[in-house]
Amino acid sequence: MKMNHLPTVRTPGEGRVIGVVGDIYRFLATGEETDGRYALWEAIVPPGGGPPPHIHQREEEGFYVLEGEITIQLGEERFVAKAGTFANMPVGSLHSFTNAGTKPAKMLISVAPAGLEKMFFEVGQPLSAGATDAPPPAQEDIEKLLAVAPRYGLEIRVPH
């Protein structure tokens, strides 16, 4: 089997870091580095952080909790995912995640195929390597995300 891309190695603190509506994402592998097969990033989710319910039309999304606790919604069901928990969200499934705790949580997020990371690059705010705090979400950041998301096959269900 022929390799179409070079191996990727990220040491601690390496990788593009962006703030996305209050969360911090450090990209470990992008579609450009995996021939579009998948993308993987580390997420630091502050208390109260996480996206509203949404549906991906293109990719599966997986969550692996490294530290803290994340409340995951899948359809109408919710469960608390502690460190060591993995959850996969199939294409077309309504889901979200929230840090309902009092300390930041950390997890790995994967999408397959890749491509969604480009949306985050478009709407996020560049942060320095090792950043542990992202600017709180401003209304204009939320509006930009809502406007851009449909181009990436993402339907965001904004709570009323």
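**Close-up 1. Tyr64 stands opposite Phe86 of strand 8 in this predicted model.** Let us start where strand 5 meets its partners. Strand 5 and strand 8 (residues 86-89) are paired in the antiparallel sense, and four bridges link them. Strand 5 (residues 60-67) is also joined to strand 10 (residues 105-112), here by seven bridges, and this pair runs antiparallel too. To find your way along that second pairing, look for Phe63, whose bridge partner in strand 10 is Ile109.

**Close-up 2. Five strands form an open sheet in the order 7-6-9-4-12.** The pairing in this sheet is antiparallel. Strand 7 (77-82) and strand 12 are the edge strands, each pairing on one side only. On average, neighbouring strands of the sheet are turned by 25° against each other, direction ignored. For a closer look inside the sheet, turn to strand 4 (residues 54-56) and strand 9 (residues 94-98), which run antiparallel and are joined by two bridges. A handy landmark here is His54, which has His95 of strand 9 as its bridge partner.

**Close-up 3. Helix 1 has five residues to look for in its buried set: Leu116, Glu117, Met119, Phe120 and Val123.** These residues lie on the same side of helix 1, because the arc they cover around the axis is only 150°. A reminder may help when reading this view: an α-helix has 3.6 residues a turn, so residues three or four places apart point the same way.

**Close-up 4. Helix 2 (residues 139-148) has a buried side and an exposed one.** Asp141, Leu145 and Val148 are the buried residues. They sit on the same side of helix 2, since they cover an arc of only 75° around the axis. Turn to the other side of the helix and you will meet Gln139, Glu140 and Ala147, which are exposed. What do the buried residues of helix 2 pack against? Their neighbours are helix 1 (116-123), strand 11 (125-126) and strand 12 (154-156).

**Close-up 5. Helix 1 and helix 2 pack with their axes 10 Å apart.** The angle between the two helices is about 145°, and helix 1 passes helix 2 in a right-handed crossing. Helix 1 brings Met119, Glu122 and Val123 to the contact, while helix 2 brings Lys144, Leu145 and Val148. Sorted by class, the contact has four nonpolar residues, two charged residues and no polar ones. Some names will be familiar from the earlier views: Met119 and Val123 are among the buried residues of helix 1, and Leu145 and Val148 are among those of helix 2.

Terms used. Residues are numbered from 1 along each chain as its sequence is written. This is a predicted model: local features need pLDDT of at least 70, side-chain atom pairs count only at pLDDT 80 or more; totals for chains, interfaces and linings use all residues. Side-chain values use heavy atoms; hydrogens and water are left out. Buried means under 20% relative accessible area, exposed over 50%, partly exposed in between (1.4 Å probe, protein chains only). The arc is that of the directions from the helix axis to the C-beta atoms. Contact means heavy atoms within 4.5 Å. Two strands pair if DSSP finds at least two bridges between them. Axes are lines fitted to C-alpha atoms, for helices over the stretch in contact, and angles run from 0 to 180 degrees between N-to-C directions. A crossing is left-handed if the near helix is turned anticlockwise from the far one by less than a right angle, and right-handed if clockwise. Ala, Val, Leu, Ile, Met, Phe, Trp, Tyr, Cys and Pro count as nonpolar, Asp, Glu, Lys and Arg as charged, and the others, Gly among them, as polar.
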